[in-house]
Amino acid sequence: MLNAADLTALSLTLQLAAITTGILLLIGTPLAWWLAHSRWRFRFILETCIALPLVLPPTVLGFYLLQMLGPRGWLGSLIHDFGGEPLAFTFEGLLFGSVIYSLPFVVQPLQDTFQSMGRRPLEIAATLRAGPIDSFFNVVIPMARAGYITAAMLGFAHTLGEFGVVLMLGGNIPGETRVLSIAIYDHVERLEYAQAHVLAGGMLLLSFCLLLTVYSLRGRLRLVRL
């Protein structure tokens with residue numbers, strides 16, 4: 001059975017994943033569109049930076065984020081100078097780290113989708129006197145449904161499973177930074193395997209359902225296009 005602390009960790013984890021996914025879709029859409037159509041010769045540098053969390057150990061990323069957001073970090077010091085508190089070991093800090101950590105899981109599916117579409121839909125819309133913004137929201141986004149579904153599901157699922165970044169940047173503060181991955185680790189450390197099984201099994205089932213939804217909907221959308 002889940003205790004009150006585990007339920008709080010579950011709520012915090014879902015909240016973190018949902019907010020992170022929303023932010024990533026907002027910032028990932030223009031970024032992916034630019035990457036898909038830019039002719040800048042050094043575009044690969046930005047693509048490399050975005051993809052870095054895919055290969056960088058989470059503890060390494062978490063360590064540098066902690067250095068940046070801590071009281072002595074350049075961003076932490078800047079926030080302090082404007083009257084704010086450093087983001088390290090706060091939910092806001094976890095949110096910042098989650099956005100960085102899950103960025104490639106949202107940007108890359110959207111970029112691939114936009115590249116496969118090309119500019120032809122916008123050119124056709126332009127011949128019908130549709131403006132660029134109107135064309136994007138009424139032509140591009142509906143056509144990119146499969147990419148958005150994939151990006152949202154992957155970004156959400158990836159945020160759910162964070163551990164290294166969370167541990168380094170947020171620590172283990174109940175109600176503030178203690179998410180499910182940390183709660184599972186705590187139970188295992190205390191040899192409470194039954195509770196760990198419940199949490200781990202729930203995350204396994206949720207992740208499986210998310211991926212199952214992604215592949216099922218992508219297959220259906222392909223059939224609709226055909």
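What share of the contacts in the protein with a separation of 6 or more comes from residues 24 or more positions apart? Keep that one in mind for Exercise 1. The model is a predicted one.

**Exercise 1. Get an overview of the fold.**

Task: Describe the make-up of the protein, its extent and its contacts.

Solution:
- Start with the secondary structure: there are 11 helices and zero strands.
- Now the extent: the C-alpha trace spans about 65 × 45 × 30 Å along its principal axes.
- Next, burial: 42% of the 226 residues count as buried.
- Finally, the opening question: residues 24 or more positions apart supply 73% of the contacts with a separation of 6 or more.

**Exercise 2. Check the length of α5, then look for a bend.**

Task: Work out what span α5 (residues 91-117) should have, and compare that with the distance between its end C-alpha atoms.

Solution:
- Count the residues: α5 has 27.
- Apply 1.5 Å a residue, taking one less than the number of residues, and the expected span is 39 Å.
- Compare: the end C-alpha atoms of α5 sit 38 Å apart, which agrees.
- Then look along the helix: there's a kink of about 50° at Ser-102, shortly before the proline Pro-104.
- Just past the helix comes Gly-118, with a positive phi near 70°.

**Exercise 3. Decide how enclosed α5 is.**

Task: Is α5 largely enclosed or largely open, judging by its buried residues?

Solution:
- Buried means under 20% relative accessible area.
- By that cut-off, 19 of the 27 residues of α5 are buried.
- So α5 is largely enclosed by the rest of the structure.

**Exercise 4. Classify the packing of α2 on α5.**

Task: Find out how helix α2 (residues 43-55) and α5 are oriented, and who makes the contact.

Solution:
- Read the geometry: the angle is about 130°, and the axes are 6 Å apart.
- Check the classes: over 145 degrees would be roughly antiparallel, and 65 to 115 roughly perpendicular, with the rest oblique apart from angles under 35 degrees.
- The two helices are therefore oblique to each other.
- As for handedness, α2 passes α5 in a left-handed crossing.
- On the α2 side, the contact residues include Arg-43, Glu-47, Ile-50 and Leu-54. From α5, Tyr-101, Pro-104, Phe-105 and Gln-108 are among them.

**Exercise 5. Sort out two positive phi values.**

Task: Where do Phe-89 and Leu-191 lie, and how accessible is each?

Solution:
- Recall the background: most residues other than glycine have a negative phi.
- Phe-89 has a positive phi of about 60° although it isn't a glycine, and Leu-191 has a positive phi near 60°.
- Locate them: Phe-89 is in the loop between α4 (74-81) and α5, while Leu-191 is in the loop between α10 (180-189) and α11 (193-225).
- Check accessibility: Phe-89, at 40%, is partly exposed, whereas Leu-191, at 60%, counts as exposed.

**Exercise 6. Compare two loop residues.**

Task: Buried or exposed: how do Gly-171 and Arg-72 each count?

Solution:
- Gly-171 is in the loop between α9 (164-170) and α10. Its relative accessibility is 12%, so Gly-171 counts as buried.
- Beyond four places in sequence, Gly-171 touches Phe-89, Val-166, Thr-177 and Ile-182. That brings back Phe-89, the residue with a positive phi of about 60°.
- Arg-72 is in the loop between α3 (58-69) and α4. At 84% relative accessibility, Arg-72 counts as exposed.
- Leaving aside neighbours within four places, Arg-72 is in contact with Gln-67 and Ser-77.

Terms used:
Residues are numbered from 1 along each chain as its sequence is written. This is a predicted model: local features need pLDDT of at least 70, side-chain atom pairs count only at pLDDT 80 or more; totals for chains, interfaces and linings use all residues. Side-chain values use heavy atoms; hydrogens and water are left out. Helices (H or I, at least four residues) and strands (E, at least two) are DSSP runs, numbered from the N terminus. The bend at a residue is the angle between axes fitted to the seven residues ending there and the seven starting there. Buried means under 20% relative accessible area, exposed over 50%, partly exposed in between (1.4 Å probe, protein chains only). Axes are lines fitted to C-alpha atoms, for helices over the stretch in contact, and angles run from 0 to 180 degrees between N-to-C directions. A crossing is left-handed if the near helix is turned anticlockwise from the far one by less than a right angle, and right-handed if clockwise. Contact means heavy atoms within 4.5 Å.
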